[in-house]
Amino acid sequence: MKACIFDLDGVLVDTAKYHFIAWRRLANELGVDFDEHDNEQLKGLSRDASLDVILKKGNLSANGPQRQEWMDKKNAWYLELVHQMREDETLPNAKELLHQLKKAGIRIGLGSASKNAPLILERVGIAHLFDAVIDGTRTSKSKPDPEVFLLGASELGLKPEECIVFEDALSGIQAAKSGGFFAIGIGSPEVLKQADAVFPDLSELTVERLISLSKR
Ligand code: B16
Ligand code: MG
């Protein structure tokens, strides 16, 4: 293992709760009900694809400029919340693990669908730990396409088989596996069946544990 490539939302931070508040506000404004269950369906999806889910639920359709206006609105509300994020909002053991990896000389990448990823990394004080940041502004295909992780590996100067990917979304695990990565699922083993190993969160993970897992 020469590098670890992390998804952002659901692995390093819980921004899903802020996406939920902002999407619910937009959905309600459009007369569409939107609850926590609906929000689950949006995890790992791009902004565009998330809007599609909400429009479909409300039997609504919209042209390009109208879609853009709604996405911009949602994003402005989301960013108000992101700007209030504090340094202690990383998920359990995330910062500790990143620091351990750095100390061990293992390279660190980000592979996220979010166009706001660099800002979020700054807000929680971990941006300086990353050797490569691939976000939603740098990819043309969304997960389960492996593009985001392949770009990450290439920017780190490594082959997929030299990197471990950490993902909370099924589409992200599929992306990692089809790209040839060792994939660690963060969440439930029933959902993330295709992962090489699954943990509820990062708290049990150490550099030694990762090395021994990736050798299996
Ligand atoms: P943005 P990840 C994803 O982050 C979120 O899980 C998903 O809910 C969101 O729609 C997507 O980013 C796009 O985010 O609107 O900020 O560009 O899990 O890929 O880190
Ligand atoms: Mg995620």
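**Exercise 1. Find which residues are closest to ligand 1 and which polar contacts they make.**

Step 1: Look around ligand 1 in this predicted model. You should find 18 residues surrounding ligand 1 (a residue counts if one of its heavy atoms lies within 4 Å). The closest are L45, A113, S114, K115 and N116.

Step 2: Now hunt for polar contacts, meaning pairs of N or O atoms within 3.5 Å. A polar backbone atom of A113 sits 2.7 Å from an oxygen atom of ligand 1. K115 also uses its backbone: an N or O atom there is 2.7 Å from a ligand oxygen. With K143, it's a polar side-chain atom, 3.4 Å from an oxygen atom of ligand 1.

A quick word on bookkeeping: residues are numbered from 1 along each chain as its sequence is written, while chains are lettered from A and ligands numbered from 1 in the order in which they are written. Local features here need pLDDT of at least 70, side-chain atom pairs count only at pLDDT 80 or more, totals for chains, interfaces and linings use all residues, and side-chain values use heavy atoms, with hydrogens and water left out.

**Exercise 2. Work out how helix 3 packs against helix 4.**

Step 1: Helices are DSSP runs of H or I, at least four residues long, and strands are runs of E, at least two long, numbered from the N terminus. Helix 4 covers residues 64-82.

Step 2: Take the angle, which is about 105°, with the axes 11 Å apart. Axes are lines fitted to C-alpha atoms over the stretch in contact, and angles run from 0 to 180 degrees between N-to-C directions.

Step 3: Angles of 65 to 115 degrees count as roughly perpendicular, so that's what helix 3 and helix 4 are.

Step 4: List the contact (heavy atoms within 4.5 Å). Helix 3 brings R47, D48, L51, D52 and L55, and helix 4 brings R67, W70, M71 and N75.

**Exercise 3. Which peptide bond is cis, and where does N59 lie?**

Step 1: Check omega between K143 and P144: at about 20°, this peptide bond is cis. P144 belongs to the loop between strand 3 (132-134) and helix 7 (147-156).

Step 2: Go to the loop between helix 3 and helix 4, where N59 lies. Phi of N59 is near 55°, a positive value in a residue other than glycine.

Step 3: Why flag these? Most residues other than glycine have a negative phi, and most peptide bonds are trans.

How values were computed: A polar contact is a pair of N or O atoms within 3.5 Å; within protein, one must be able to donate a hydrogen and the other to accept it, and residues adjacent in sequence count only if both atoms are side-chain atoms. Angles under 35 degrees count as roughly parallel, over 145 as roughly antiparallel, 65 to 115 as roughly perpendicular and the rest as oblique.
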